[in-house]
Structures are given as C-alpha cells and as structure tokens.
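Biologist: I'd like a close look at just one part here. Please start from the enclosed space inside and work your way out, telling me who sits around it.

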Amino acid sequence: MNNLKLIGPFKQLIPMTGLPIKGALTDEQLVILEDTGIVIDGEHIKHIGKFHDLKQQFKDIQIQELQGDHTCLPGFVDAHTHICFGGTRANDYAMRNAGKSYLEIAKAGGGIWDTVVQTRKASKAELVKGTIKRANRHLKNGVTTLEVKSGYGLSVDEELKMLYAIKEADEAIPSDLIPTCLAAHMLPKDYEGSAESYLEEISTKLFPLLKEENLANRIDAFIEESAFSASQIKPYFEKAQKMGFDITVHADQFSTSGSKVAVDFEAISADHLEASAVKEIELLAKSDVIATALPGASLGLGCAFTPARRLLDAGGTLAIASDHNPGSAPMGDLLTQAAILGAFEKLSNAEVIAGITYRAAAALNLTDRGTLEAGQLADFNLFHTGNYQEILYNQGNLKPCVVFKRGVKIFDKHH
Ligand SMILES: [Zn+2]
C-alpha cells in the first residue's frame, strides 16, 4: 500500500480551471467533468480523471467509493472575516432594527467600540476558543480557508493578543486561518492623541513585531468618515508597503474615497464597495485590485448590496466574503450569502462560485487553492446532488455532505 487515496466517483466535478481572473463569466465557460475521481497524495491533488480509469491506473491505492450522486467543488475561501472577538452585539442589532440611529446606538454604548471593550476583557484563551468555534462552523459549511482580522484590540498589546489568538486557533484546527492586522479599524476612544499619532505609533511599534513573530503579512484599514480619512491612511500604507506587507482596504462602505487609495497602493483587495459609483467602479475595473463584496454586511445592516454586476461588466474581478463579525454581519454563512447576492445582482453560477473559490484565493494572494487540478491543495466539498446548479438554487440550504481539507476528510454525513 502506498499513501495515495482515490475518492469518487463524482457525477460532476467543477474544477474552476481555465477561467480568467477578471471580468464577467457565463456558465457555458465552466468546465464540468463527469464520473470523476480525485487521487490525493498527502495534502495535495495528484490526479483528476475518470474514476474507473484511475481505479485501473493506480494499483494498491486506498479507495473511498461514494454511493449516489455527488458534485465536487473546490473548498470555499472566505477572504474577509472578523471572527476573533469577545461579547455580542445583539442589542445593537435590535436597536438598529427598532429604528435607532448609528449615533443613538453609539451613545447607548454600542458600535465597534463595544466589541473592543469586550475583546479587551476576554483572555487570549477565550478568544482562541471563540475563533475555533466559529471557524469550525465555517468548515462544516465548506469554508476551508478563512481570513481573520484583528482590529478589536486597538493598542499594540491588545492587537498582539488578538493576533496570537488567531495564530493559536489556526494551529489547533484543520482550516487555514489567514491573519490580517486591522489596528486601523477606528481611532480608539481612550487614545489621547490624534489619528495621525495613533497610526504612527502602530506602524512604528506593532509592524516590526508582526514580522518578527510571523503574526500577519497583511495590513488593512477602514477608510470612512467614522474611521480614518484617505490622507491619514496614506503614510500608514506607505510604511506597510515599504516593509513588504500586502495591503487591503475597507473601502467605499458608506462614502467613497477608499477605493482610490486601494488602487493607488495596488492593494490586493478593496472590500465592501456598497457606495461605489461609476467613477469608483471604472477605477477598480481598470486595476488588478480584487473587489470583494460582503453581502453579509448588507443583510445585517439592511443596506444595498455591492454593485457586483456593474463591477464585473466593467471588466473588474469579484470575490465574495462573509464579513462575519459581531456587529454588522452576525450570520457568517458564506454560501447562503453568496447565493443571495447572486439572485439580487444577477450573477451567473460561474461568477458566484468563482467569487468564493479562485477569485477569493487571489484576494488573499494564494495560488495553491480555489481550483481543482494536480498540484493544488486537496481542499474540496462534496454536495449530495448530480447537478451543480442545485447548490446555489438551494440558496445555502444544501450544505456539503463531505469536506476534505489538505487531503484529510473532515466529516462525512453519510456515516
Ligand atoms: Zn470588515
């Protein structure tokens, strides 16, 4: 016996290969492989082909033969979350839906600052536990790679606590957690100084530690009237870029200006974009910045969706992420949210699936996942259907019945 494993047959396997990173996609462009199997070698895919041929070709191989019809998709990538946090914001949600304004909620002690206070109160162990619990729920729903931001610490020590917690959670679970430093989430209310001096302090004291301790390769900032202005963020990003960090931006959520900063800095991604209009859409579409829609935030706040259709038609690229966070996006169900965005924005199956697979991987600068082919990580989801269209048609209610992460079967609902 060697270490190879063969799993199949799949009625359909959608490898998401041969598709462009930018622009609109039609379902006719999708490659659909039938009666397929995957040969796994350790953490990677060794071969994809007809199941019965593979069975002949690879002798002495461990075979996991499935009964019934299955469709295989790449493991999902959620490129924007805030799942490391303390407390809850159920009261914010109730107040907002009862018609209270942002200001009234903030005065009642709600908003991002509330989560900062709760997260600072939590021990690192408690943060690790909460992050693991949420990441494992995402994994059950087929999300095998998950970005996780800091940003509820808002001081050098408290941001470090969060990023160590994310690192510990990553080491404890099968999914890959990709950490991002979001110390520029808002100006902390207890900081005695200007926004400029806060950002200066973070970049001087925290950035070198992120490198030394290998805690994050990505720097994010919230560019918004309630957070930081474009001109405040520029020196911060310049410093980050000089040190070799990847840049990503919370852009154009309520007001525009973040997307221009993202394009100017050649950021990996610009996320939110609910307020982006013609000018911003054109700018993004001409660039290589990945536009990341966060339908979970639109659903949580009862706001308009990111103009996904117009971004794609303009030639841009679109990832879709959950923004899972305790305030504006408490649901944290990527497949459901992506399916709903597709219905509202008139996105093809190919565009929605691309947005949570290879285009989402690109939003994290990862090329070893998001497609299914030899050499890629063996991250994939099986659905109990013979027709891939059923997956988005069920709007997230059809969950994966089997999830593989790095060649390991995480669970199997058949057993
Ligand atoms: Zn966010």
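Modeller: The largest cavity holds about 30 Å³ of space, a volume being what is filled by probe spheres set on grid points joined across faces, edges and corners. By cavity I mean a set of points, on a 1 Å grid over the protein atoms alone, where a 1.4 Å probe fits but cannot get out; lining residues have an atom within 4 Å of a point. Keep in mind that this is a predicted model, so local features need pLDDT of at least 70 and side-chain atom pairs count only at pLDDT 80 or more, while totals for chains, interfaces and linings use all residues. Residues are numbered from 1 along each chain as its sequence is written, and side-chain values use heavy atoms, with hydrogens and water left out.

With a floor of 30 Å³, the structure has 1 cavity. Its wall is made by Pro-74, Gly-75, Thr-144, Arg-369, Gly-370, Thr-371, Leu-372, Leu-377 and Asp-379.

A good way out is Phe-380, which sits in strand S14 (residues 380–383); strands (E, at least two residues) and helices (H or I, at least four) are DSSP runs numbered from the N terminus. Phe-380 is buried, at 0% relative accessible area (buried is under 20%, exposed over 50%, partly exposed in between, with a 1.4 Å probe and protein chains only). Cavity-lining residues Pro-74, Gly-75 and Leu-372 are among the contacts of Phe-380 once neighbours within four places in sequence are set aside (contact means heavy atoms within 4.5 Å). That list also includes Ile-7, Phe-10, Ile-38, Ile-40, Val-403 and Phe-404. Cys-72 is on it too, and although Phe-380 and Cys-72 are 308 residues apart in sequence, their C-alpha atoms are 6.7 Å apart.

Now for the nonpolar packing, where a core is a set of buried Ala, Val, Leu, Ile, Met, Phe, Trp, Tyr and Cys residues joined through side-chain atoms within 4.5 Å. The largest core has 95 residues, and Leu-210, Ile-219, Ile-233, Tyr-236 and Phe-237 touch the most other members. A second, separate core counts 15 residues, including Ile-45, Cys-72, Leu-372 and Val-402. Of these, Cys-72, Leu-372 and Val-402 turn up among the Phe-380 contacts, and Leu-372 also lines the cavity. In soluble globular proteins, nonpolar side chains tend to be buried together.

Over in the 95-residue core, Leu-210 contacts Leu-163, Cys-181, Leu-215, Ala-216, Ile-219 and Phe-245, again leaving out neighbours within four places. Its partner Ala-216 lies in the loop between helix H7 (195–212) and strand S9 (218–222), and counts as buried at 4% relative accessibility. Ala-216 in turn contacts Leu-163, Pro-179, Thr-180, Cys-181, Leu-210 and Phe-245, with the same neighbours excluded. Ala-216 and Phe-245 are 29 residues apart in sequence, with 8.3 Å from C-alpha to C-alpha.

Further along there's the metal. His-80 (NE2), His-82 (NE2), His-250 (NE2) and Asp-323 (OD) coordinate the zinc ion at 2.0 to 2.5 Å; donors are N, O and S atoms within 2.8 Å of the metal (3.2 Å for Na, K and Ca), and with water not among the atoms, sites may look incomplete. His-80 comes from the loop between strand S6 (76–78) and helix H2 (90–97) and Asp-323 from the loop between strand S13 (318–320) and helix H13 (334–345), so this pair ties together parts 243 residues apart in sequence. Both His-80 and Asp-323 are buried.

His-250 belongs to strand S10 and is likewise buried, at 3% relative accessibility. Not counting residues up to four places away, His-250 touches His-80 and His-82, and also Lys-149, Leu-182, Asp-220, Ala-221, Phe-222, Ile-223, Asp-271 and His-272. The C-alpha atoms of His-250 and Ala-270 are 6.2 Å apart, with their positions 20 residues apart along the chain.

How values were computed:
1 Å grid on protein atoms, 1.4 Å probe; cavity = no way out; pocket = protein on both sides within 12 Å on 5 of 7 lines; lining within 4 Å.
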